[in-house]
Amino acid sequence: MSFRIASSPHQHNQKTTSQLMLWVVIAALPAIAVQSYLFGYGVLVQLLLAIVTAWASEALVLMLRDKTILPRLKDHSALVTAVLLAVSIPAYAPWWLVVIGTAFAIIMVKQLYGGLGFNLFNPAMAAYVLLLIAFPVQMTQWLPPTALQQHALGPLDAVCAVMSQASCQGISLEQLRQGVDGMTMATPLDTARTDLMMGLTLPESYEKPLFQGGVGVGWFWLNLAWLAGGLLLLQQGVIQWRIPVSVLGSLALCSLIAWSVNPDTNFSPLFQLFSGASMLAAFFIATDPVSASTTARGRIYYGVLIGVLVFVIRSFGGYPDAFAFAVLLANMAVPLIDYYTRPRTYGHKAVKGRQ
Amino acid sequence: MQSLLEQVAAEQLWRFPGGVHPPTRKAELSKKPIASLPLPDKLYIPLRQHIGVAGHCLVQKGDHVMKGQPLTMADNSMSVPVHAPTSGLILAVTEHTSPHPSALPEPCIVLEPDGLDEWRERAPLHYSQCSTEQLLERIQQSGIAGMGGAGFPTHLKSAVQQQVELLIINGVECEPYISADDALMQEQADTIVQGIEILCHILEPKAVLIAIEDDKPAAISAMQSACHGRQPWFIRSVPTKYPSGGEKQLIQLLTGQEVPAGRRPIDIGMMMFNVGTSFAVAQAVLHDIPLVSRIVTVAGDTLQHPQNVLAPIGTPVSDLLHFCGFQPERPQRVIMGGPMMGFTLPDLSVPVIKTTNCILAPTQQELPAAGEEMDCIRCTACAEACPASLLPQQLLWFSKAKDTEKLDEYNLFDCIECGACAYVCPSEIPLVQYYRVAKAEIREQQREALKAEQAKARFEARQARLEAEKLERQRRNEQLAVERAAKQSANAPDAVAAALARVKSQQQQTPADLEAIKAERERKKQLARERQAEKTEAPANAASATDPRQAAIAAALARAKAKKQAAASDSEQVHPQQNQPEQTATKPAETAAASEASDPRQAAIAAALARAKAKKQAAASASDTGQTEQEQAKPAETEAEQATQTAAEPADTVKAEPAPDPRKAAIAAAIARAKAKKQAEATPASEKTGPEEAKPEQADAASASAAQTEATEQPSDPRKAAIAAAIARAKAKKLKETEPK
């Protein structure tokens, strides 16, 4: 009779990387649904493109690196990267944008660093920054929420729009971007900041149809959906509370201080937390285990750093949203943070090598 | 600020970081009574079942032993004996698969029970009347080592000088499946309490704290009633979490204190014993029952009747499993110990030992084998699970990189290998295994470094010693020199006289030498003159003064030489011309050679001739016919040429003679020819023997010339002759070497 030899422990909690990644995708589903309902079906087309590109790029590089392909595709990490990038770019951005971005994320940012677990930067955010810098026009062409759109786009139109930058009826994206009032719209964050630069106060800006109750139409609900997904991840133990809480907390605190000083020129905490990618980034992007800090204390610092950077860039920077930059900058600080936040080992007075 | 004891009395609990909550799977087993195993057919009792050294084996094959009889003798404090678990016959003392992850064979006593289970005589003690030493002695002689898993000898742990503030009795039993301590507490609470009292008698702690996990309510209530009324004893129910039962973690949990790294609990005034150990202590002291059996949890879904079994030490695992209705899968995993820290067994003949608390035979469905190891995603689930607050993901990275410095900085050696990290790792990385390997490597390195250090120290010590000896010698020599100088100055006249005598004796010797040298010169001059004459005169009109004696000698020599060549081997021939003529004198051909030594010039000439001959033979064809010194041994030569040459040669060789005899020369030539022919026949590979031939020839020529220089001249200059011979030999050798080319 043969006996199986194994090293202890012989028991496992049966949570695998693949499951964790799949949970991330599942938790993203409500937000994706909300996004496609509020902002059109374009996001679904982008998702499809991104996922196919991610799998193809991953398989290609794994083949070149002479690694087993299927088990590594099954860890679903490429899928997560694809989803996060696809939901971050404008719904009707041209198809090549997401293809380039995803391929860059997988090939350059992830695999060239050694694959899953070895990348210094968050692949989705690095790709986002690349696209933002290389194709600023395409990357900022967000359509207004469907409620504010002149022309409604069906699912087929979404495919046409992504592929040819015009609906199947030939309505160009430029026309589509015009709101019911005939004004070309950007994201609420963008609009508000543009208005600020043009000398308007925020309350004046909030009068625009893009806003409702001090938050962006549609964006508020989208952020809520991401928040719900994030809470699901927390509940499932996929992510820990430290990073999202510190990201959102520091962002809220900074904006609260600024807003208390001057509510006319500074975004309210509510607006900050429920605009742009706030919830998405706090729960889904900053918590990427590979590129985030790995110590309990370090994660707090890491989250706070992101929150503060987001506030600074949103308030003083020139880009519509700040999370991609903030996350990448924080990624760079991770080795340092990790080194100086090592926990004290049982029975030791202080951390060795640091006095 | 409350004191620790006050806080403990106030039922305060602390917490330790990390920990995991694997399914405990204990409920069913802990309700069943402890079953007794029928005596197995054979018991395999390893000589060493604890941390320390094995005792000295007391029995041999064929011995009959009684139950409880010691089988080994603890001959030092790091040792505890093992005892016969039942009466029976010693079948062998042999190597047997050890109950260790390595499964390496270890010395084992094989006992065949006789079924009578007869006890040796027992001597129970009344502990309250015993000294600490007596009790410790009894504990050691009863073979008691920590029953919780580590197997540290209990008498060693108990023999402390420090004050014990808190005696902690560990009934936590946090690992899944295992309920041996639970069952023991339920059924033997009173004995356990007696054991604790004995330990208290030895250690005199200020308080006793019994910790039991809260998933063992029956055990808690049993212990509570057994301890009732004892002060200050506390029974503490601790939350179920793995690894609460770890010594360091339990101390943190119960007292909020940490055992400093590299120290022991006693250093912070605490001592911890397992409930099983205190039971064994009570048995040993009160009933003189040594540690011969223990409770083992036999669990797993491949068993029809999983249960706690009281098994004699040495019971093969197969007996236990089959007693519980084992229905193995293929391939089956059998784990000794729990699912978190146990190890798999390679075969089922492995025996139960003092530290075996569980045998687990799970189905694949129940405890699936680990999946494929994936890359670490730095999720830090491991760091959150680590009860020692380590960073397992960093340790993994450094382990893979073999970065021992970083491993040390990140406190690898504080890892207790509880397995919590690997349990939660989503990439199913066998983290503990990596750490074990890294630890082993570091220990190995340290051993090597120590060895190198010792070697260096040894070397330096040796250098220092040599240096010291050298200095000592120098000093002594200097001193001796001074002494000698002093002595010499004292006997100065004598020394001068001695020196003068030496000089005188030298002077006396000198005239004789001068005489010899003069004669030599004379002879040489004559030789030169003769050669001159030979060259100008034709061999035909040489003087008629014949010397038959000389011719006869030459002929004889030629014969001898021919004979020798026919033999055509013999390393003696290679050195026919020894430095000591006496040595070669025994051989016929070399008797001539001996005489050759008498005349250095002649010898030199002879050597030159031999050289030429050897060269010629090597060339072996197309030789110069016009040469006067053509050698006689050349088979390819025409008669006529030979005639003239041989005529010329003897003339040459017998140059010492003032008037060479043509007739004699002709005879010699003829002989030489015959000899040469013979030689050609005898040695087909003439080139090979060439160098060797050269010497006899040379000897011949030399002897021919030496024949007429009388024996009286012999001792004239042996040194020169030897030099010439050596040169000839070297030449011949060289020739031999170049020849095969």
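In chain B of this predicted model, four strands are arranged as an open sheet, and their order across it is β2-β7-β6-β4. The pairing within this sheet is antiparallel. Strands of a sheet are joined through backbone hydrogen bonds, in either a parallel or an antiparallel manner. The edges of the sheet in chain B are occupied by β2 (43–46) and β4 (64–65). Each of these two strands has a single partner strand, and therefore one side of each is left without a neighbour in the sheet.

The edge strand β4(B) may be followed to its partner. It pairs with strand β6 of chain B, which covers residues 88–97, and this antiparallel pairing runs over two bridges. Within the pairing, His64(B) is placed opposite Leu89(B) of β6(B).

From the sheet, attention may turn to the meeting of the two chains. Chain A contributes 35 residues to the contact, while chain B contributes 52 residues. On the side of chain A that touches chain B, 17 residues are polar, twelve are nonpolar and six are charged.

The confidence of the prediction remains to be considered. For the model, the scores are ipTM 0.89 and pTM 0.72. Chain B has a mean pLDDT of 81, with 77% of its residues at 70 or more. Residues 538–545 of chain B, however, have pLDDT below 50, and this stretch makes 13 contacts in the model beyond near neighbours in sequence. Another stretch of chain B, residues 621–659, also stays under 50 in pLDDT. For residues 621–659, the model has 71 contacts beyond four places in sequence.

Terms used: Residues numbered from 1 in each chain as written. Chains lettered and ligands numbered in written order. Predicted model: local features only at pLDDT ≥ 70, side-chain atom pairs only at ≥ 80, totals over all residues. Pairing = 2+ DSSP bridges. Contact = placed C-beta atoms within 7 Å. Nonpolar A, V, L, I, M, F, W, Y, C, P; charged D, E, K, R; others polar. pLDDT = per-residue confidence, 0-100.
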